[in-house]
Amino acid sequence: MQSPSPRMPEQIAPTRTDSVPMPTGSAGPADADARLTAELASVLSGARRRALRDRDTQVDTAHLLHSLLEADPEVRAAFDGGHQVARVLGYLVQRSIGYGLRWQGTVEDSGAVPTVRDRAVPGWSPPAVIALTAAMERAARRGDLRAGGLDLLAALAADRECRAVEVLERAGVDARSLAGRLA
């Protein structure tokens, strides 16, 4: 007797929102794609897959942090040892399996209401778009054409009101100190 083949989850066809999110009125997605390292582009893809798997309506800063920690060894090295990384990942895993349900179905908003309207990108929380924009700006100030994982981590840690900072703080990481080290 042959067992039934495993059911594969339905795949969503890629859309233009699958490229790098950019606020309305800014350079197009192709320009934004060119401003990321291959590793950071992979992190964004991982964050989108995680949001889809978690059935979240948008990619938020916690999805970005989770994907960064899983994919980028430089980001993991920025923390005060492996114990911090383990605690942050543990909290993020709990969130992804339903422990953080109070976020599910809600829009992440760091409180910057005018910014939300100006930077609306379908499928992405406004703070996530702001963080990606800040990462690209940080790289440009440094003279680099492409933003990397540490640029995004610095941008996430600097936004005191985003979900990524809430995750960091709950896991015992001083986000302000982390942002300072990355500056």
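Here are some questions and answers about helix packing and the nonpolar core in this predicted model.

Reader: Is helix H8 mostly covered or mostly open, and how many of its residues are buried?

Author: Helix H8 spans residues 149–158 and is mostly covered. Among its buried residues are Leu-152, Leu-153 and Leu-156. Of the 10 residues in H8, the number buried is eight.

Reader: Which helices help to cover the buried residues of H8?

Author: Let's go along the chain. The cover includes helix H2 (38–53), helix H3 (61–71) and helix H4 (73–77). Further on, it also includes H7 (126–142), H9 (163–170) and H10 (175–182).

Reader: Which helix gives the largest share of the largest nonpolar core?

Author: This core has 47 residues, and Leu-65, Phe-79 and Val-88 have the most contacts inside it. Helices that each supply at least two of its residues include H2, H3, H5, H7 and H8. The largest share is seven residues, and the helix they come from is H7.

Reader: Which residue of H8 does Phe-79 touch?

Author: Leaving aside residues up to four places away in sequence, Phe-79 touches Val-85, Val-88, Leu-168 and Leu-178, among others. The list of its contacts also has a buried residue of H8, and that is Leu-153.

Reader: How are H3 and H9 oriented to each other?

Author: Their axes come within 6 Å and cross at roughly 60°. The contact is made by Thr-61, Ala-62 and Leu-65 of H3 with Arg-163, Ala-164, Val-167 and Leu-168 of H9. By class, these are five nonpolar, one polar and one charged residues. From the crossing angle, the two helices are therefore oblique.

Note on methods:
Residues numbered from 1 in each chain as written. Predicted model: local features only at pLDDT ≥ 70, side-chain atom pairs only at ≥ 80, totals over all residues. Heavy atoms only, no water. Buried < 20%, exposed > 50% of the residue type's maximum accessible area, 1.4 Å probe, protein only. Helix = DSSP H or I, 4+ residues; strand = E, 2+ residues; numbered from the N terminus. Contact = heavy atoms within 4.5 Å. Core = buried A, V, L, I, M, F, W, Y, C linked by side-chain atoms within 4.5 Å. Axes fitted to C-alpha atoms, helices over the stretch in contact; angles between N-to-C directions. Parallel < 35°, antiparallel > 145°, perpendicular 65-115°, else oblique. Nonpolar A, V, L, I, M, F, W, Y, C, P; charged D, E, K, R; others polar.
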